[in-house]
Amino acid sequence: MHLQRDETIKMMKMNRREMITGAAALLGSTNLPFAAGAVLREAVSAEPGGADLPGKPKNLFSSTFTAELLAKSLIAASDWHPYPRASEREAWQQVHKEVADKAVARAEKINGTTWEVLPATVFLEYKRTGNRSHFEHYFFTRRTRLLDLVLGECVEGKGRFLDEIVNGIWLECEETFWGLPAHLSLQRVHPGSGLPDVQEPIVDLFAADAGAVMSWIHYLLGDQLNQVNPMITSRIRFEVKRRILDPAFERDDFLWMFKEYKNEKHHLNNWTPWIDSNWLTANLLLEPDTNRRKAAILKICRSVDQYLEDYSPDACCQEGPGYWNVSPGSYFDCCTLLTSATGGAGNPLTNPFVRKMFRYIADVHINGPWFVDYGDAPPKMEESGEFVYLIGTAINDSTLQAYGAFNASAAALRGEAVTDDQGHLGRVLPCVLVSAKAIAGEKRDALVRDSWYPDLGLMTARIKEETTDGFYLAMQAAPNQRPHGHNDSGSFIVFHDGNPIFVDIGPEAYTAARYKFSVQSAYHNLPTVGGVMQNNKSPNYRASDLHYSTDDSRASVSMNLATAYPEEAGIRNWTRTLALDRSANRIHLNEDFRLHKKVPVQLSFMTPCVPTQDSKGHVVLTPTGASARSVSLTYDSALITPTIEKIDLTDDWLVERWGKTIYRVLLTSADPTDSGNWVIQCA
């Protein structure tokens, strides 16, 4: 089959995994003031299973950062010193030399060149055609350009890039809206207008981020900008107040803010801590009214608490590893910012549940750029080593710290430690400052043997800790109706010797018509029964009756898939059992099902390998790597007929991950059937 989509300018990689956050513990007295000694460090348990899972705290932020604590301990904006300013040369001269050289080189390359224009007609494309990538390309190019110039100036400190920074600031201030066309539904008066209403500033992800970026620039380079012209810093303060501080403080109806508004309830996702962390940044740095500064912090604390209240009880990131940096990662930002701004008087990072949220990223790492993806999360991502290193050090988790250092070295040498493709200065800033320590740290890849998150139904298993040799198995049984969810409950992933064998292909590029073929269960490793696929019309559509076990010889999970399908599928019961046989180095899949009537039954296996039918009962899967070993999929040829389907990919995001081709191996019942006990192996 050939999958078409509208021609677009290829969007800059939405690499949210590369956003970098701050932790004070690493940067000494010149950085976030609570410093290393103020963080209580306790090891995070790496044991699989849910028996030792810490309970989720209630109102952690509100009970930590109370009005009384803020009155006593909140540092005035003029006195708060979270990072060295650009004029504090000693600290910036400690940045890793190659990182510093890359930062200056990027600034030199763009200095004096033409800035991107943001035409109204390109903004309107989202309303007219559903395309969002054209505008976002120009938008994020402009943001990244400003980031590169600011970092180059901070690292070099010679004033060479100040005029171009002023141009970028002024262009940013002249933008009608700091957010994206896809987010205009937040407008109350003209939600479907297609263009932003200048009379109603709204706070979306990237408006809040712009407010934080402008606040950091004001903090880092305020004195230098005033020497160019005092109107520049005055304009920054005016725009941040008008666009972010006022609407966020005065309104309660933004859906990202709280779980309930006027008796209407909804779930919170990565938007909440992501926006809260940037709003908090702007509030701490630029809010002129001391009473309102405290009141805004209390409101932010309530919002962050409701996010955690809605978080998965097993500390798993429901949206997948691709959102970890902006979901629990942004929660980390909120922790470090407020702990810093109160001089270490409060620190939510000591809570065991919060620390388990951060450990998740190591648990779902397969190897190299590969992660256990599900829903809208991508299968491959460039993890920010500096970010992971910062978190690992802040919570004293040696696995995260070594894993961060392991990735920091490669990222820095590619120059990626000093940039960010969406212009998130608040994340890149601490990364640059900690680069020398991260690169020099003890390095070890995160290759966890087992992990189990019972509420999401997420299991991962490899043959042996700290090696990619042999088979790797992962499965999730989450509700299909979840933030950024696909119809994929009960689907699985298989790797062999570090190579992908059966995969979740991940999402297609975002458009107004967001969910296409890649969301369907027929394009995950799942059954299709009588032509009926899984559903997501309610939270009840998910695999159920989960049973998990693991030991040195075997890791297994079983579930009932019937509850993930609508009634028209006619499934009485469907018990799927998946096991990694560590002793024999093979995967066992058992499909035991009972249906109401005889229909064709089909199992899908999505693979980037080249599949060939070797003989009856065998499909051989050959990875594309020159030295990679083939894997054999075996089944009962008396019951099952194989079909190999080649899928031509044209979507930019899918092509970037898989190339222009992916395959679907279909194992179909030889005849319509109302029951079966299929035994399938991968060896």
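In this predicted model, a good place to start is the open sheet of five strands, which runs in the order β5-β6-β7-β8-β9 with antiparallel pairing. Its edges are β5 (450–453) and β9 (499–502); each has a single partner strand, so one side of each is left without a neighbour in the sheet. If you ignore direction, neighbouring strands here are turned by 15° against each other on average. Look inside the sheet and you'll find β7 (residues 471–475) joined to β8 (residues 492–496) by five bridges, with the two strands running antiparallel. To see that pairing residue by residue, pick out Phe 471: it stands opposite His 496 in β8. While you're looking at strands, keep in mind that side chains in a regular strand alternate between the two faces of the sheet.

Further along the chain there's another open sheet, this one with four strands in the order β10-β15-β20-β19, and its pairing is antiparallel too. The edge strands are β10 (527–529) and β19 (640–648), each of which pairs on one side only. From one strand to the next, the twist averages 25°. Which strand does β19 pair with, and through how many bridges? Its partner is β20 (residues 661–669), and nine bridges join the two antiparallel strands. One pair to click on is Ile 644 and its bridge partner in β20, Val 665.

Now for a hairpin. Strands β16 and β17 form one with two residues between them, and Gly 617 in the turn has a positive phi of about 85°. The strands themselves, β16 (residues 610–615) and β17 (residues 618–622), run antiparallel and are joined by five bridges. Thr 612 is a handy marker here, with Val 620 as its bridge partner in β17.

Let's move on to charged side chains. The whole structure holds 34 salt bridges, and a few are worth a visit. In one of them, the side chains of Glu 108 and Arg 160 meet at 2.7 Å, N to O. This pair links distant parts of the chain: Glu 108 belongs to helix α4 (residues 97–110), while Arg 160 sits in the loop between α7 (133–156) and α8 (162–174), 52 residues apart. Are these two buried or exposed? Neither label fits: Glu 108 counts as partly exposed because its relative accessibility is 41%, and Arg 160 falls in that class because its value is 39%.

Compare that with Glu 175 and Arg 142, whose side chains meet in a salt bridge of 3.0 Å, N to O. Glu 175 lies in the loop between α8 and α9 and Arg 142 in helix α7, so this pair ties together parts that are 33 residues apart in sequence. Here both Glu 175 and Arg 142 are buried.

Then there's Lys 241 with Asp 246, another salt bridge at 3.0 Å, N to O. Lys 241 counts as partly exposed because its relative accessibility is 32%, whereas Asp 246 is buried, with a relative accessible area of 17%. There's also a network of salt bridges that links Glu 174, Arg 235, Glu 239, Arg 242 and Arg 243.

Arg 243 takes us on to the empty spaces, since it is one of the residues nearest the centre of the second largest cavity, along with Thr 176, Phe 177, Pro 201 and Ile 202. In total, 14 residues line this cavity, and its volume is about 110 Å³. Helix α10 (residues 231–250) gives the largest share of the lining, three residues. By type, the lining divides into eight nonpolar, two polar and four charged residues. Across the whole structure, the search finds nine cavities of 30 Å³ or more.

Finish with the largest pocket, which has a volume of about 1,200 Å³. It is lined by 45 residues, and the closest to its centre are His 267, Leu 268, Asn 269, Pro 483 and His 484. Which helices supply at least two residues each of the lining? They are α9 (205–228), α11 (271–286) and α12 (290–310), and the largest share, three residues, comes from α12. Sorted by type, the pocket lining has 23 nonpolar, 14 polar and eight charged residues.

Note on methods
Residues are numbered from 1 along each chain as its sequence is written. This is a predicted model: local features need pLDDT of at least 70, side-chain atom pairs count only at pLDDT 80 or more; totals for chains, interfaces and linings use all residues. Side-chain values use heavy atoms; hydrogens and water are left out. On a 1 Å grid over the protein atoms alone, a cavity is a set of points where a 1.4 Å probe fits but cannot get out, and a pocket is an open set with protein on both sides within 12 Å along at least five of seven lines; lining residues have an atom within 4 Å of a point. Grid points are joined across faces, edges and corners, and a volume is the space filled by probe spheres set on the points. Ala, Val, Leu, Ile, Met, Phe, Trp, Tyr, Cys and Pro count as nonpolar, Asp, Glu, Lys and Arg as charged, and the others, Gly among them, as polar. A salt bridge is a side-chain nitrogen of Lys or Arg within 4 Å of a carboxyl oxygen of Asp or Glu. Buried means under 20% relative accessible area, exposed over 50%, partly exposed in between (1.4 Å probe, protein chains only). Two strands pair if DSSP finds at least two bridges between them. Axes are lines fitted to C-alpha atoms, for helices over the stretch in contact, and angles run from 0 to 180 degrees between N-to-C directions.
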